[in-house]
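Visitor: I've got a new model on the screen and some bench-style questions about it. Could you walk me through it?

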Amino acid sequence: AANGLQVESGSGGGSSVPGTRSYVTAPISLLPQAYPRDQFERATSLAGPFNLLVDRISRDGPFLKETHEDVRGVDEYTGKLLEMYEEVYLGERRGDEWGRFARSADRLGIQRSDYMLHEDSATGGHVIKQVELNTIASSFAGLASGVARLHSFETERLGDELRSFLEGNERAVTGKVSDDGDKGVPASPAMTALPAAISVAYDRYVERHAGAGAGSSKPVVVFVVQPGETNTVDQRLLEFALHDRHGIPVVRMSLAEVQERVTMDESTGRLSFDGEASRREIAVVYYRAGYAPTDYPSGYDTAGGTGVEWLGREKLERGACAKCPCLGYHLAGTKKVQQELARPGVVERFIDDGDDAAAIRTAFAGLYSLGADANEDDAGAVRDVLLRG
């Protein structure tokens, strides 16, 4: 399955034999779709500025609090994230000691910016517009790299047979068929870059924490996953790459398992758990779960000890291990932040380079508030929709 474009079939569609799993082909496009080269390159060039934007937002506590203030009273999930961020990173309610290891820990960002092509009515050309910026559990690097290889194979081996389709598709998207001889499917570097990034965070942890990895058991990367996860192949491809290229072991746990198995040394911030043969230390935590209210089925009563998933999340966040992502990165990816960034001058608050700020802003599709913080621009957008459709 790890060599195919597959996902687990999930409950109801799997094998009836206990202890076995079945897989189905992931939903993919069998053939590639045309995409303007200049917009592909633009999306690539925006990755760095957007990553810097997320990092700077994550460190601005007053901005995150103010932006989510109206949300926390109506969205219990976002409110809990903000409450935990305040306690761990801002020292509120529990004091500075509560989050002291988290504040000095490394932060690793693996972001995925999703774009759609927008037809510019003025020029007739296409420009990319950002749909959302995923800052937690950004998935499909493994499967997407496989799709790119599949599409490249098809266009190279079946070029003559596919010419009519490919040219028709290009004409539909761009209005013409170019004579650019350098066409083709770009190779995806994701499955090289992502394991390398996690490896850097892992090595930094070992360097910063004397004794980590000195024993017989190496520190591990913990993948936080959902119980009953169906996108296991995509996750395993990253796990295998970490092992094969960097010699880094991975352990998978749900948030509930984290709360049950992991302990934190309150004097050092080190997180560890009992492995098969010895105690294992956590160097990096990589979230592929925790991004939705359904990932916290035990509820929100952490004071009473029943909200075990939130307690597990809190334990990981307080620890000295590198977080991918930290709570600040998670909050920086909310729709409310995306909406706020669309307001005049907000991007420029975080990005000093005028060219980078302008490039980021031109990628926005436009988000408008319907809440108590709505301004005249928001009201005008509503009127346009109602009156003009």
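Visitor: Let's start with the strands. Over how many bridges do β5 and strand β6 pair, and in which sense?

Guide: Keep in mind that this is a predicted model. Strand β6 covers residues 250–253, and one of the contacts with β5 puts V224 opposite M253 as its bridge partner. Counting up the pairing of β5 and β6 gives the parallel sense over four bridges.

Visitor: What hand does the unit made by β5, helix α8 and β6 have?

Guide: The helix here, α8, spans residues 232–246. The strands β5 and β6 pair in the parallel sense. Together with α8 they make a β-α-β unit, and that unit is right-handed.

Visitor: Which residue in β9 is the bridge partner of V221?

Guide: Strand β9 takes in residues 279–287 and runs parallel to β5, with five bridges joining the two. Look along β9 for the spot that pairs with V221, and you land on V284.

Visitor: Which residues of β5 point the other way from V220, V222 and V224?

Guide: In a regular strand, side chains alternate between the two faces of the sheet. β5 is residues 220–224, and five of its five residues are buried. With V220, V222 and V224 pointing one way, the ones pointing the other way, also buried, are V221 and F223.

Visitor: Now the cysteines. How far is the sulfur of C324 from the closest cysteine sulfur?

Guide: A disulfide needs two cysteine sulfurs within 2.5 Å, and by that rule the count here is zero. C321 is in no disulfide, as its nearest cysteine sulfur, in C324, is 11 Å away. For C324 the closest sulfur belongs to C326, and that is too far for a bond because the gap is 9.3 Å.

Visitor: Is C321 buried or exposed?

Guide: The cut-off for buried is under 20% relative accessible area. C324 comes in at 3%, so C324 is buried. C321 has a relative accessible area of 1%, so the word for C321 is buried.

Visitor: Which peptide bond is cis, with omega near 5°?

Guide: Head for the loop between β10 (322–324) and α11 (327–332), where P325 is found. The cis bond with that omega is the one from C324 to P325.

Visitor: Where does F140, with its positive phi, lie?

Guide: Phi of F140 is near 80°, and F140 is not a glycine. Its relative accessibility is 39%, so F140 counts as partly exposed. As for its place, F140 sits in the loop between β4 (126–134) and α5 (141–157).

Visitor: And R93, is it buried or exposed?

Guide: R93 is another non-glycine residue with a positive phi, about 70°. You'll find R93 in the loop between α3 (76–89) and α4 (100–104). Its relative accessible area is 54%, and over 50% is the bar, so R93 is exposed.

Visitor: What is the N to O distance in the salt bridge of K65 and E92?

Guide: K65 is in helix α2 and E92 is in the loop between α3 and α4, so this pair ties together parts 27 residues apart in sequence. K65 and E92 belong to a network of salt bridges that also includes E86 and R93. Between K65 and E92 the N to O distance is 2.8 Å.

Visitor: K65 also meets E86 in a salt bridge; how many residues apart are they?

Guide: The side chains of E86 and K65 meet at 3.9 Å, N to O. E86 belongs to helix α3 and K65 to helix α2 (residues 61–72), so the pair links distant parts of the chain, 21 residues apart.

Visitor: Which residue forms a salt bridge with E170?

Guide: E170 is buried, at 12% relative accessibility. Its partner counts as partly exposed at 43%. The closest N and O atoms are 2.8 Å apart, and the partner of E170 is K183.

Visitor: Last one: how much area does the nonpolar surface patch with V382 have?

Guide: V382 lies in helix α15 (residues 376–388) and is partly exposed at 32%. The patch is made by V382 along with L370, L386 and L387, and the area is about 490 Å².

Terms used:
Residues numbered from 1 in each chain as written. Heavy atoms only, no water. Buried < 20%, exposed > 50% of the residue type's maximum accessible area, 1.4 Å probe, protein only. Pairing = 2+ DSSP bridges. Right-handed = clockwise from strand over helix to strand, strands pointing away. Patch = residues over 30% accessible without salt bridge, like charges linked within 9 Å, V, L, I, M, F, W, Y side chains within 5 Å. Areas by Shrake-Rupley, 256 points an atom, 1.4 Å probe, with all protein chains shown as cover. Salt bridge = Lys/Arg side-chain N within 4 Å of Asp/Glu carboxyl O.
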